[in-house]
Amino acid sequence: MGAERNAVEPRIGAHIRADKGFHGVFQYAEEWDADVIQIFTASPRSYRAKPLTADRIDPYMAAWERAGKPLVISHASYLANLASPKDDVRKRAADAFANELVRCEAMAIPHVVLHMGSRLTSQPEEAGERLAEELNRLAAEVDSTTRILLENAAGQGSSIGRTFGEIGAALSLLKPAERFGVCIDTCHLFAAGYDLRGDGFEAVWAEFEEHVGFDRLFALHLNDSKGELGSCIDRHEHIGEGHIGEEPFRRLFADSRLRSVPCYIETPDDLKSHPLNLSRLRSLAAS
């Protein structure tokens, strides 16, 4: 387990749909020149998952090997609220996420990205403790080595994980530490009030290092933002066409602490626009 830290060139890829079957994601990746891939192993808006039978796994594993075994990560269901104060909601979410961990293990997926969840009417600290309790139990009980990456939130509603402090506090409760890390989404950062533009860039990452640490960063979601700074609006925009703009992405690739972290776009209109967004990112990385 573990992201390679010695890569000179950035690994830039995308969240890719599995409409042609799991094995089909590698065809899209080749067409779009995506070095790394993010997928859903099941519907992101359901607790249920279609069984991973041999006729689904075997073609995927064969295609993965033919593609040179690129890094593939999974994104868990949006419904999995392990921080909920409602016992029945947490139980349902835990069962679904346990299944996700098993699916990732079967597909040799080393990382799964998880939204930290919503606190509803409870306090953020209490929600973080509930999240940690559920994740610690799952890490101990589920037969899987997949690392769980907590993703930062845009701050919408009662979601937790808007600040680096909240993320760091949750991480400090998770055991064993090597089973957990973070995925940072640039759109979510900006919407949460972290200004990556101008002088704010260094200040943002200094705060990240203080509360989380670059050694816990295993993936980046590179998305521009339709919403303004601090809007708490989770609306992704094409690279360079939102309120973040191109320059912060150029600086990200120039930063030795960030350049080797695998990057994934989750921008709109994937079939039409993923090639363009990936090309823009590669141009920014080269410059």
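**Helix crossings and a parallel barrel in a predicted model**

Good morning. I begin with a pair of helices: the axes of helix H3 (residues 87-106) and helix H4 (residues 124-141) come within 11 Å and cross at roughly 40 degrees. Helices here are DSSP runs of H or I with at least four residues, strands are runs of E with at least two, and both are numbered from the N terminus. Axes are lines fitted to C-alpha atoms, for helices over the stretch in contact, with angles from 0 to 180 degrees between N-to-C directions.

A word on provenance: this is a predicted model, in which local features need pLDDT of at least 70 and side-chain atom pairs count only at pLDDT 80 or more, while totals for chains, interfaces and linings use all residues. Residues are numbered from 1 along each chain as its sequence is written, and side-chain values use heavy atoms, with hydrogens and water left out.

To return to the first pair, H3 and H4 are therefore oblique to each other; angles under 35 degrees count as roughly parallel, over 145 as roughly antiparallel, 65 to 115 as roughly perpendicular, and the rest as oblique. Their crossing is right-handed, meaning that the near helix is turned clockwise from the far one by less than a right angle, whereas anticlockwise would be left-handed. The contact (heavy atoms within 4.5 Å) involves Arg90, Ala94, Phe97, Ala98 and Leu101 on H3, and Arg130, Glu134, Leu135, Arg137 and Leu138 on H4. By class, this contact has six nonpolar, no polar and four charged residues. Here Ala, Val, Leu, Ile, Met, Phe, Trp, Tyr, Cys and Pro count as nonpolar, Asp, Glu, Lys and Arg as charged, and the others, Gly among them, as polar.

How do helix H5 (residues 164-171) and helix H7 (residues 200-211) cross? Their axes come within 9 Å at roughly 20 degrees, and the two helices are therefore roughly parallel to each other. This crossing, too, is right-handed. Phe164, Gly165 and Gly168 of H5 meet Val204, Glu207, Phe208 and His211 of H7, which gives three nonpolar, three polar and one charged residues.

I turn now to the sheet. Eight strands close into a barrel in the order E1-E2-E3-E4-E5-E6-E7-E10, with parallel pairing. Neighbouring strands are turned by 30 degrees against each other on average, direction ignored. Two strands are said to pair if DSSP finds at least two bridges between them.

Strand E7 (residues 217-221) has five of its five residues buried, so it is largely enclosed by the rest of the structure. Buried means under 20% relative accessible area, exposed over 50%, and partly exposed in between, with a 1.4 Å probe and protein chains only. E7 pairs with strand E6 (residues 180-185) in the parallel sense over four bridges, and with strand E10 (residues 263-265), also parallel, over two. Leu220 of E7 is the bridge partner of Ile184 and is likewise bridged to Cys263 in E10.

Elsewhere in the barrel, strand E1 (residues 12-15) pairs in parallel with strand E2 (residues 37-39) over two bridges, and Ala14 has Ile37 as its partner in E2.

Is Ala29, in helix H1 (residues 25-32), buried or exposed? At 7% relative accessibility, Ala29 counts as buried. Beyond four places in sequence, Ala29 touches Ile16, Ala34 and Ile37. By contrast, Lys20, in the loop between E1 and H1, counts as partly exposed at 38%; with the same sequence exclusion, Lys20 contacts Gln27 and Tyr28.
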